[in-house]
Amino acid sequence: MSTLKEVLRKKIDEHRPRTVKLIKECGDVSLGEVTIAQAIGGARGVKCLVTDISYLDPMEGIRFRGKTIPETFAALPKVPGSDYPYVEGFWYMLMTGDVPTMEQTLEVVEDWKKRSQVPEYVIDVLRAMPRDSHPMTMFSTAVLAMQRDSIFAKNYREGKFNKMTCWEDMYEDATNLMAKLAPIAAYIYRMKYKGDTHIDADPNLDMGGNFARMMGVDAPYDDVARMYFILHSDHESGNVSAHTTHLVASALSDAYYSYSAGLNGLAGPLHGLANQEVLGWTQDFMAKLGGEVPTKEQLEKALWDTLNSGQVIPGYGHAVLRKTDPRYSSQREFCLKTEGLKDYPLFKLVSMIYEVAPGVLQEHGKAKNPWPNVDAQSGVIQWYYGVTEYDFYTVLFGVGRAIGCLANITWDRALGYAIERPKSVTTAMLEDAAGIK
Ligand code: AMX
């Protein structure tokens with residue numbers, strides 16, 4: 001039995017009475033009313049989800065288990081010779097709320113290694129797909145294909161479902177899936193873009209190190225991977241990928257069904273695909289100028305042209321945040337401290353967009369948040385290290401996002417969260433409520 005699972009069991013036992021008490025004794029306490037604008041407008045700001053894995057403050061940005069991004073990076077055990085922590089240690093922290101010791105972290109590293117072998121049938125499924133399928137379609141299909149191996153689904157089928165212990169099956173599925181996602185992503189990448197050549201994992205490396213190796217990209221891409229996966233892991237529960245994963249899991253669907261669904265939401269241009277869109281927009285714009293870095297005036301005009309043609313400026317705005325996304329800042333800092341990257345023309349252009357776009361969006365007057373989100377910056381780093389196939393960027397996001405989504409649905413099971421079923425009303429009912437009929 002792993003230390004992580006034992007610590008998690010203790011945490012779950014301690015936490016359960018809090019949830020039971022809240023429902024039984026305080027269930028009628030109101031968290032606010034729902035307006036017509038919220039009912040039509042994507043439930044923005046409606047407080048109806050519960051998670052302790054992360055919290056998003058509109059002004060401060062994300063905290064993982066109470067820690068800001070710099071605090072998270074500072075607290076976790078680092079990979080020897082690296083400035084960045086083990087992704088495996090971060091998984092331990094999101095699951096339990098505790099910062100693991102090096103020993104506890106290395107236990108997870110070993111556990112993931114044992115579970116990381118991608119089944120041959122998944123490779124067959126990927127190879128049977130048209131090679132020009134979007135990599136997100138391939139990634140989500142690979143996750144769904146593995147559903148046949150779900151321990152939760154098997155035990156449920158065999159009548160072994162138990163409300164108090166079923167989180168353990170979810171935990172096993174979540175860990176098995178987490179350990180395989182990076183190798184699957186790297187396999188898709190090399191099959192689609194690198195002449196179908198593949199590189200085996202090195203048993204001496206951690207998840208981030210092995211991902212860089214299997215992608216075929218040299219250091220410091222291992223650090224980029226660690227940073228990227230941690231930054232993209234979780235953004236509380238209301239975003240499309242996390243909410244979809246939670247919603248599907250609430251029907252007692254297993255981790256594979258649930259996360260495959262979450263990935264399909266992540267693939268949308270208003271969500272995870274935005275990082276691909278940002279780079280596409282930026283590259284097209286530079287190409288029109290013959291590869292030159294533009295002047296601020298040229299950039300301002302291009303931003304207005306985009307808005308006037310009815311499109312959004314990708315990488316800007318957010319449903320909750322009202323300032324620069326600290327995940328953007330963290331990646332920007334990486335660029336500024338990395339020789340070569342800080343003078344890279346594409347980074348300079350992205351920095352220039354940061355100077356110009358918020359003013360343009362403010363003048364345009366629609367977006368509630370004119371500041372950049374995580375996606376405005378991440379593609380530049382990938383491009384710089386030679387991962388130029390930007391169709392693939394959302395897959396990277398999907399590997400990272402799994403950490404948060406899978407930790408969340410493990411806790412959902414542990415706390416017995418109910419099947420999700422909000423109530424609909426008709427347009428006539430809204431008109432009635434508003435007194436305009
Ligand atoms: N460019 C142009 N218009 C924008 C805008 C942008 N970057 N961001 C918001 N707006 C517009 C909206 O389309 C909306 O217009 P409408 O009233 O005509 O429908 C209006 O401003 C109000 O929107 P909002 O309340 O500020 O944002 P939202 O909560 O509805 O949507 C988001 C949030 C992220 C979808 C939106 O800001 C957007 O489309 N941004 C660009 C895409 C992007 O970067 N997505 C990635 C987000 C992070 C992530 O999930 N990976």
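## Buried and exposed

A quick definition first: a residue is buried if 20 or more other C-beta atoms lie within 10 Å of its own, and exposed if 12 or fewer do. The model here is a predicted one, and that yardstick gets used several times below.

## Helix α5 and its two faces

Start with α5, which covers residues 102-115. This helix has 14 residues and spans 20 Å from its first C-alpha to its last, close to the 20 Å expected at 1.5 Å a residue. Which of its residues are buried? Gln104, Thr105, Val108 and Trp112 are. They sit on the same side of α5, because the arc they cover around the axis is only 100°.

Flip to the face turned away from that buried side and you find the exposed residues Glu103 and Lys114. As for what the buried residues of α5 pack against, the partners are α1 (3-26), α4 (87-96), α9 (166-193) and α10 (207-215).

## The β1-β2 hairpin

Strands β1 (residues 54-57) and β2 (residues 61-64) run antiparallel, and four bridges hold the pairing. Together they make a hairpin, with three residues between the strands. If you want a specific pair to look at, aspartate 57 has glycine 61 in β2 as its bridge partner.

Just follow the chain into the loop between β2 and α3 (69-75) and there is arginine 65. Its phi is near 45°, a positive value in a residue other than glycine. Is arginine 65 buried or exposed? It counts as buried, because it has 21 C-beta neighbours inside 10 Å.

## More backbone oddities

Some background for this part: most residues other than glycine have a negative phi, and most peptide bonds are trans.

Aspartate 196 goes the other way on phi, with a positive value of about 60° although it is not a glycine. This aspartate belongs to the loop between α9 and α10. With 11 C-beta neighbours inside 10 Å, aspartate 196 counts as exposed.

Then there's the peptide bond that joins alanine 219 and proline 220: it is cis, with omega about 5°. Proline 220 is placed in the loop between α10 and α11 (221-231).

## Around glycine 315

Where does glycine 315 sit? Look in the loop between α15 (296-308) and α16 (326-337). Glycine 315 counts as buried because it has 26 C-beta neighbours inside 10 Å.

Leaving aside neighbours within four places in sequence, the contacts of glycine 315 are Ala274, Val278, Pro372, Asn373, Asp375 and Ala376. Serine 378 is another residue to check against it: the two are 63 residues apart in sequence, yet their C-alpha atoms are 9.6 Å apart in space.

## The ligand shell

How many residues surround the ligand? The count is 22, and the closest are Ala274, Gly317, Ala319, Ala367 and Lys368. Ala274 is worth highlighting in your viewer, as it is also among the contacts of glycine 315.

By type, the shell around the ligand splits into ten nonpolar, eight polar and four charged residues.

Technical notes:
Residues are numbered from 1 along each chain as its sequence is written. This is a predicted model: local features need pLDDT of at least 70, side-chain atom pairs count only at pLDDT 80 or more; totals for chains, interfaces and linings use all residues. A residue is near a molecule or strand if its C-beta atom, placed from the backbone, lies within 6 Å of it. Ala, Val, Leu, Ile, Met, Phe, Trp, Tyr, Cys and Pro count as nonpolar, Asp, Glu, Lys and Arg as charged, and the others, Gly among them, as polar. Two strands pair if DSSP finds at least two bridges between them. Helices (H or I, at least four residues) and strands (E, at least two) are DSSP runs, numbered from the N terminus. The expected span of a helix is 1.5 Å times one less than its number of residues. The arc is that of the directions from the helix axis to the C-beta atoms. Two residues are in contact if their C-beta atoms, placed from the backbone, lie within 7 Å.
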